[in-house]
Amino acid sequence: MDGNWKKVGGCTLGSYALDVKCEDCSRCGWNPAVDAERKRNIRRGVIREKERVRLTAARKTAVPDRAGWYNAKRALPDPGERVIVTDGVFVGEAYLSKGGVWLRYGMEMVDRRTGIFPPVAWMPLPVFLKP
């Protein structure tokens, strides 16, 4: 590891960051400098409207990796489009609401009870599975 990188003490994932006070952790929202509402939204996987619109538009130019996965920090599917998502452990079908919340079967997907973190990657459903 580079000398400037430090293990983040409060992160449950054991992440490394340039500084102990990184700007944002999109998976668990551990950072004490982030206000409580923002932390709740990070933990629930809520994506701010401006960010959601920008990332949805970025899909037109985004290129998936060799396996067909799009990075959720670089591009998002259109709201309502059913896709396959993963948080690194869980893999399943979900869709993004217009409000920027990941839904599965009409309910919020990201939750402490389900143990599912916000998706880090997604891919379109295969053609033969689309309704």
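1. In this predicted model, strand β4 (residues 83–86) pairs with strand β8 (residues 121–124) in the antiparallel sense, and four bridges connect the two. Within this pairing, Val85 is placed opposite Trp122 of β8.

2. Strand β4 also has β5 (residues 91–96) as an antiparallel partner, again through four bridges. Two residue pairs place the register: Ile84 is bridged to Glu93 of β5, and Thr86 is bridged to Val91 of β5. Strand β4 is therefore joined by bridges both to β5 and to β8, given that two bridges suffice for strands to count as paired.

3. The burial of β4 deserves a remark of its own. Val83 and Val85 lie on one side of the strand, Ile84 and Thr86 on the other, and all four are buried, so that both faces are covered; the criterion for buried is under 20% relative accessible area. Among these residues, Val85 is the one opposite Trp122, while Ile84 has Glu93 as its bridge partner.

4. The connection from β4 to β5 is a hairpin with four residues between the strands. Gly88 in this hairpin adopts a positive phi near 105°. Asp87 is also located in the loop between β4 and β5.

5. Which category of accessibility applies to Asp87, buried or exposed? Its relative accessibility is 4%, so Asp87 counts as buried, the limit being under 20%.

6. The side chain of Asp87 has backbone nitrogens close enough for polar contacts, for which the cut-off is within 3.5 Å. A polar atom of this side chain lies 2.9 Å from the backbone nitrogen of Val89. The backbone nitrogen of Phe117 lies 3.0 Å from a polar atom of the Asp87 side chain.

7. On the pairing of β5 with β6 (residues 102–104), the two strands run antiparallel and are joined by two bridges. Tyr95 has Leu103 of β6 as its bridge partner. These strands form a hairpin with five residues between them, and Gly100 in the turn shows a positive phi of about 85°.

8. Taken together, β5 is bridged to β4 and to β6. A glycine with positive phi is found in each of the two hairpins: Gly88 in that of β4 and β5, and Gly100 in that of β5 and β6.

Notes:
Residues are numbered from 1 along each chain as its sequence is written. This is a predicted model: local features need pLDDT of at least 70, side-chain atom pairs count only at pLDDT 80 or more; totals for chains, interfaces and linings use all residues. Side-chain values use heavy atoms; hydrogens and water are left out. Buried means under 20% relative accessible area, exposed over 50%, partly exposed in between (1.4 Å probe, protein chains only). A polar contact is a pair of N or O atoms within 3.5 Å; within protein, one must be able to donate a hydrogen and the other to accept it, and residues adjacent in sequence count only if both atoms are side-chain atoms.
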